[in-house]
There are 2 protein chains.
Amino acid sequence: MCQHRRMSNAPVLPLIQPEAAACCPPLNERPLTSEEAERTARMFKALGDPVRLRLFSAVASHEGGEACVCDISDVGVSQPTVSHHLKKLKEAGLLSSERRGTWVYYRVEPAVLAAMGALLTKAAAA
Amino acid sequence: MCQHRRMSNAPVLPLIQPEAAACCPPLNERPLTSEEAERTARMFKALGDPVRLRLFSAVASHEGGEACVCDISDVGVSQPTVSHHLKKLKEAGLLSSERRGTWVYYRVEPAVLAAMGALLTKAAAA
């Protein structure tokens with residue numbers, strides 16, 4: 001049973017839209033511009049923290065591809081820390097969230113992951 | 001013409017082997033273990049800096065898929081900064097390097113990129 005308190009109604013930071021991840025060519029096509037690099041690095045950076053990466057995989061692998069904070073509290077950090085990291089992942093455009101009743105559910109953004117993956121795999125294949 | 005001075009003969013830090021990148025399941029298969037997350041986050045973090053990402057794409061897109069520091073000095077940072085970032089990318093296992101005569105040439109590690117990409121694209125597809 002979830003013991004996590006309801007999130008405040010504070011305004012949510014603007015999200016990077018999924019299309020943003022598709023902005024950029026494979027990394028070996030040409031040098032990224034400064035703007036492209038800023039945008040893309042932000043997403044890689046969000047996955048560049050071990051705790052955040054574990055939480056991300058916990059959400060992504062949870063039943064139905066979504067989870068609330070209370071579902072994924074077994075990575076050895078406090079629930080406020082879990083919330084903090086999920087918010088960071090959301091701000092980077094890697095998770096979306098929806099409030100249903102008391103709880104906020106997080107879900108992976110497949111389009112963003114696919115675009116980030118393509119940056120790497122197309123670069124690897126060429 | 002390269003104006004960059006020759007690198008010292010100081011011992012090189014141990015590299016993450018390319019196989020290491022293939023350690024981990026797609027991010028939506030199951031929650032990563034602490035060790036898997038440490039290893040994988042390190043590579044994402046290396047691409048999580050805009051300047052480093054631009055330099056990485058500069059190396060990856062350079063003729064022959066390799067470049068020396070002097071080839072990629074047009075991203076608006078000093079040559080020592082370029083060297084610093086290339087070393088970080090190498091330590092994360094994303095670039096390999098080889099000295100040929102006076103210059104050190106950097107090259108992308110396609111196996112590592114492919115493995116990182118697969119973590120994301122397989123997660124996106126499921």
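Hi everyone. Let me start with a zero: between chain A and chain B there are 0 salt bridges. Please keep in mind that what you see above is a predicted model.

So what does the contact between the two chains consist of? On the chain A side, 35 residues are in contact with 35 residues of chain B. The area buried between chain A and chain B comes to about 2,700 Å², and carbon and sulfur atoms give 76% of that area. Polar contacts do appear across the interface: the rule finds 4 residue pairs between chain A and chain B, with both residues at pLDDT 80 or more.

Which helices of chain A supply the side that touches chain B? Helix H2 (34-46), helix H3 (50-61) and helix H5 (110-125) of chain A each bring at least two residues to that side. H5(A) gives the most, with 10 residues. If you sort the side of chain A that touches chain B by class, you get 20 nonpolar, 9 polar and 6 charged residues.

Now let's move to the sheet in chain A. This is an open sheet of 3 strands in the order S1-S3-S2, with antiparallel pairing. Strand S1 (66-68) and strand S2 (95-100) of chain A are the edge strands, each pairing on one side only. On average, neighbouring strands of this sheet are turned by 30° against each other, direction ignored.

Going strand by strand, S1(A) is joined to strand S3 (residues 103-108) of chain A by 3 bridges, and the two run antiparallel. Within that pairing, Cys68(A) stands opposite Tyr105(A), and Ala67(A) stands opposite Tyr106(A). S2(A) and S3(A) also pair in the antiparallel sense, over 6 bridges. There, Arg99(A) has Val104(A) in S3(A) as its bridge partner.

If you follow S2(A) into S3(A), you go through a hairpin with 2 residues between the strands. Gly101(A) in this hairpin takes a positive phi near 65°.

Let's turn to chain B. Here we find an open sheet of 3 strands with the order S1-S3-S2 and antiparallel pairing. The edges are strand S1 (66-68) and S2 of chain B, each of which pairs on one side only. From one strand to the next, the twist averages 30°.

In chain B, S1(B) and S3(B) pair in the antiparallel sense over 3 bridges, while 6 bridges join strand S2 (residues 95-100) to strand S3 (residues 103-108), again antiparallel. Have a look at Tyr106(B) in S3(B): Ala67(B) stands opposite this tyrosine, and so does Ser97(B). The hairpin of S2(B) and S3(B) has 2 residues between the strands, and Gly101(B) takes a positive phi near 65° there.

Last topic: which helices of chain B lie across its sheet? Helix H2 (residues 50-61) of chain B lies across S1, S2 and S3, running at about 95° to S3(B). Helix H3 (residues 79-91) of chain B lies across S2 and S3, at about 120° to S2(B).

A small warning on helix names, if you are clicking along: residues 50-61 are helix H3 in chain A but helix H2 in chain B. It helps to go by the residue numbers.

That's my tour, thanks for listening!

Technical notes
Residues are numbered from 1 along each chain as its sequence is written. Chains are lettered from A and ligands numbered from 1 in the order in which they are written. This is a predicted model: local features need pLDDT of at least 70, side-chain atom pairs count only at pLDDT 80 or more; totals for chains, interfaces and linings use all residues. Side-chain values use heavy atoms; hydrogens and water are left out. Contact means heavy atoms within 4.5 Å. Buried area is the accessible area (1.4 Å probe) that two parts lose on being put together, summed over both. A salt bridge is a side-chain nitrogen of Lys or Arg within 4 Å of a carboxyl oxygen of Asp or Glu. A polar contact is a pair of N or O atoms within 3.5 Å; within protein, one must be able to donate a hydrogen and the other to accept it, and residues adjacent in sequence count only if both atoms are side-chain atoms. Helices (H or I, at least four residues) and strands (E, at least two) are DSSP runs, numbered from the N terminus. Ala, Val, Leu, Ile, Met, Phe, Trp, Tyr, Cys and Pro count as nonpolar, Asp, Glu, Lys and Arg as charged, and the others, Gly among them, as polar. Two strands pair if DSSP finds at least two bridges between them. Axes are lines fitted to C-alpha atoms, for helices over the stretch in contact, and angles run from 0 to 180 degrees between N-to-C directions.
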